[in-house]
Amino acid sequence: MARIRTIPKAVEAIKAKDPDTYLNVTSLRRWVKTGKIKSFDGGKIALVDLDELEKIVLGDAVENS
């Protein structure tokens, strides 16, 4: 089952796994806008797949854990 989150909640989840990450809400919104990460329309709120985001940001650390 996909873990779908709002952009701020997705950033919180990434920061919980990697407190030193440079990812922030503005960066993630830019990634969604440019298509680097796919988003789902939740009405007025953009939603992202947390698993897909973790693969991009955390790379092999997620796959090996």
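A crossing of two helices is right-handed if the near helix is turned clockwise from the far one by less than a right angle. I record this convention ahead of the entries because the handedness of two helix pairs is noted with it.

**Entry 1. Model and scope**

I worked from a predicted model. I looked up helix packing, salt bridges and the surroundings of two residues.

**Entry 2. Helices α1 and α3**

I began with the pair α1 and α3, whose crossing is right-handed. Their axes come within 11 Å of each other and cross at roughly 45 degrees. I therefore entered α1 and α3 as oblique to each other, since an angle under 35 degrees would be needed for roughly parallel and 65 to 115 for roughly perpendicular.

I then listed the residues at this contact. From α1 I noted Ala10, Ala13, Ile14 and Lys17, which meet Leu50, Leu53, Glu54, Val57 and Leu58 of α3. Sorted by class, the contact of α1 with α3 holds 7 nonpolar and 2 charged residues, and no polar ones.

**Entry 3. Helices α1 and α2**

I next examined helix α1, residues 7-17, against helix α2, residues 25-34. The two pack at an angle of about 120 degrees, and their axes are 9 Å apart. The pair α1 and α2 is therefore oblique as well, with a crossing that is right-handed.

On the α1 side I found Ile7, Pro8, Ala10 and Val11, and on the α2 side Val25, Leu28, Arg29 and Val32. By class, I recorded 7 nonpolar residues, 1 charged residue and no polar residue in the contact of α1 with α2. Ala10 is listed for α1 in this contact and also in the contact with α3.

**Entry 4. Ile7**

I looked more closely at Ile7, which has its place in helix α1. Ile7 has a relative accessible area of 5% and is therefore buried. With neighbours within four places in sequence left aside, I found Ile7 in contact with Val25, Leu28, Arg29, Val32, Ala46 and Val48. For Ile7 and Arg29, which are 22 residues apart along the chain, I noted a C-alpha separation of 7.1 Å.

**Entry 5. Ala46**

Since Ala46 appears among the contacts of Ile7, I followed the chain to strand β3, residues 45-49, where Ala46 is found. Ala46 is partly exposed, at a relative accessible area of 29%. Leaving aside neighbours within four places in sequence, I listed Arg5, Thr6, Ile7 and Phe40 as residues in contact with Ala46. The C-alpha atoms of Ala46 and Arg5 are 8.6 Å apart, although 41 residues separate the two along the chain.

**Entry 6. Salt bridges of Arg3**

I searched the whole structure for salt bridges and obtained 4. One of them joins Arg3 to Asp51, with the closest N and O atoms 2.8 Å apart. Arg3 lies in the segment before β1 (4-6) and Asp51 in helix α3 (residues 50-58), so this pair ties together parts that are 48 residues apart in sequence. I recorded both partners as partly exposed, Arg3 with a relative accessible area of 29% and Asp51 with 28%.

Arg3 also forms a salt bridge with Glu54, in which the closest N and O atoms are 2.7 Å apart. This pair likewise links distant parts of the chain, from the segment before β1 to helix α3, across 51 residues. At 2% relative accessibility, Glu54 counts as buried, because the cut-off for that class is under 20%.

I noted further that Arg3, Lys17, Asp51 and Glu54 are linked in a network of salt bridges. Two of these members, Lys17 and Glu54, are also listed in the contact of α1 with α3.

**Entry 7. Lys9 and Glu12**

I closed the search with the salt bridge of Lys9 with Glu12, whose closest N and O atoms are 3.9 Å apart. The cut-off is 4 Å, so the pair is counted. Lys9 and Glu12 are 3 residues apart in helix α1 and are thus separated by about one helical turn. Lys9 is partly exposed at a relative accessible area of 47%, and Glu12 is partly exposed at 48%.

Notes: Residues numbered from 1 in each chain as written. Predicted model: local features only at pLDDT ≥ 70, side-chain atom pairs only at ≥ 80, totals over all residues. Heavy atoms only, no water. Axes fitted to C-alpha atoms, helices over the stretch in contact; angles between N-to-C directions. Helix = DSSP H or I, 4+ residues; strand = E, 2+ residues; numbered from the N terminus. Parallel < 35°, antiparallel > 145°, perpendicular 65-115°, else oblique. Contact = heavy atoms within 4.5 Å. Nonpolar A, V, L, I, M, F, W, Y, C, P; charged D, E, K, R; others polar. Salt bridge = Lys/Arg side-chain N within 4 Å of Asp/Glu carboxyl O. Buried < 20%, exposed > 50% of the residue type's maximum accessible area, 1.4 Å probe, protein only.
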